[in-house]
Amino acid sequence: MTMDRTVDVSVDAMIEDLRTLVEIESPSRDLDALTASAKAVAAVIESRLGGQAVLVESEGGPHVHWSAGGDPKVLVLGHHDTVFPLGTLERRPFKVEDGRATGPGVFDMLGGLVQAVHGLAALDDRSGVEILVTADEEVGSRSSRALIEERALACGAVLVFEGAAEGGALKTGRKGCGTFQVSVAGRASHAGLEPAAGVNALIEASHQVLDIAALGRPDIGTTVTPTVASAGTLDNVVPAEATVIVDVRVESAEEKERIESAFAALTPHLDEARITVQGAISRPPMPESASAELFALAKQLLPDLEGKAVGGGSDGNFTAALGVPTLDGLGAVGGGAHADHEYLVVEAMAERAKLVAGLVNAIQNK
C-alpha cells in the first residue's frame, strides 16, 4: 500500500482557510473569542465537507463536532484554542513568505486542522469519520475530556493533528504530564524586632524545592521541574505564605503513581510550618504501543516517515490511556509552538493532507 499522490488538494485553498482561522484569535478561557473561533472552524468544515458541524457548549468554550455518518471508525482530533492573548495578531499578523506561514496558532494547531479537513475533502467516501475540535486543550481539557473519551471509544481509532515533531516526524509516544502546587503556611513577624517569633514560609518553601527537584529520574524519563515560586509581602516581614508550582513529566504509569505519592507525602522541615499540595499528573502517558498499529499504516503510505516519542502532552494521551489506537503529530510541519517564531512549512501541506486521506481510507478498509 502506498499513498495516492494523485489525490487532489489545493495548497492555495488551505492557505485561505488557515488565514481565516488564524485571523480570529482564540486564547484559552476567553469565551467570546472561542465562540467566534468555533463558528469559524465549523464554517470551514461545512464548506469543505458538507453536513453540519455542531457546537458543543461547555464551561471551557464551544467544542466543534462533525460526523460523516455511518458506523464510527476514526476520530480526527484537534483543538482551536491557542496560548496567545488577544492582540498578538496585531503585532504578529498572518503572512506567507519564503515558504513559511506565520502567525499565532499556525503550527499549534490551526494548520493541522486545515490539512485534516482538506485531506478528508479529497475522499469520495467519508463514512465513519468524525471530527472533534476542542476549546480547552491548552489549559488541561477539563471540559472536553469526557467527550473526547466518549467519541474515541465509539470510533476505535484516533488521529491527532497536533504539529509534527522535528523534521516532520509523527509523535508515536508522549509523556504523561501534570502540574502541582505546593502551598506553605508559616507565621508572620517583624524581621528586625522578632524574627524568631515567625515561621518563615520562604525558608520552608526552599527546603521543599530541593526535596521536590530530587524526585526527578531523567534516566527513565521522569522530569520534576519547579517553575514558579512566590513568597512574602514586605522586606521587613517574615513571610507567612509561599507557593511553589511544579511541572512533572513521566513515561510510565508506575512513575505517575510514585510521583503523586511523593507529593502527597511531603512534610515540613520547620516546626509549625504547614504544607498543602494540589494537583496531579492529569494527562496519563501515551505509550508507543498505542500508536504502533496506526504508525505501521502511515509507514506503508510514506515509507520515509519517522516516529518520535516526545515530552509534551496532548489529548491523545487520554485516548491512548483508554486502549484506543492513537497516532499523534499528524498536523503541520514546522516549529516554534507557543513562541513568537512559530511557523508552518507550506511545501509540506499537500503531502500531509494526502496522508490524512490515505490513513482514513486504510482504517475504513481494515
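Start by selecting Phe-180 and Phe-263: both residues are buried. Keep in mind as you look around that this is a predicted model.

Now show the side chains of these two. Phe-180 and Phe-263 make an aromatic pair of the stacked kind, with 4.0 Å from centre to centre and 5° between the planes. Looking for others like it? The structure holds 1 aromatic pair, so you have already found it.

Next, colour the elements on either side. Which parts of the chain does the pair tie together? Phe-180 sits in strand S9, residues 176-185, while Phe-263 belongs to helix H7, residues 253-264. The pair therefore links parts that lie 83 residues apart in sequence.

Zoom out and switch to a cartoon view. You'll find 10 helices and 16 strands in the protein chain. Turn the chain along its principal axes, and the C-alpha atoms fill a box of roughly 80 × 45 × 35 Å. How does the radius of gyration compare with that of a compact globule? For 366 residues, such a globule would come out near 21 Å, and the protein chain has 23 Å, which agrees.

Try displaying contacts next. Of those between residues at least 6 apart in sequence, 79% join residues at least 24 apart. Buried residues account for 52% of the 366 in the chain.

Finish with the surface turned on. The protein chain exposes about 15,800 Å², and 50% of that comes from carbon and sulfur atoms. For a last selection, pick the charges: there are 29 positive and 52 negative ones, and their mean positions are 3 Å apart.

Definitions and conventions
Residues are numbered from 1 along each chain as its sequence is written. This is a predicted model: local features need pLDDT of at least 70, side-chain atom pairs count only at pLDDT 80 or more; totals for chains, interfaces and linings use all residues. Side-chain values use heavy atoms; hydrogens and water are left out. Helices (H or I, at least four residues) and strands (E, at least two) are DSSP runs, numbered from the N terminus. The radius of gyration is taken over C-alpha atoms; the globule rule is 2.2 Å times the number of residues to the power 0.38. Buried means under 20% relative accessible area, exposed over 50%, partly exposed in between (1.4 Å probe, protein chains only). Contact means heavy atoms within 4.5 Å. Accessible areas come from the Shrake-Rupley method with a 1.4 Å probe; for residues, only the protein chains shown count as cover. Lys and Arg count as positive and Asp and Glu as negative; His and the chain ends are not counted. The place of a charge is taken as NZ of Lys, CZ of Arg, CG of Asp or CD of Glu. Rings of Phe, Tyr and Trp (its six-membered ring) pair if their centres lie within 6.5 Å; planes under 30 degrees apart count as stacked, over 60 as edge-to-face and the rest as tilted.
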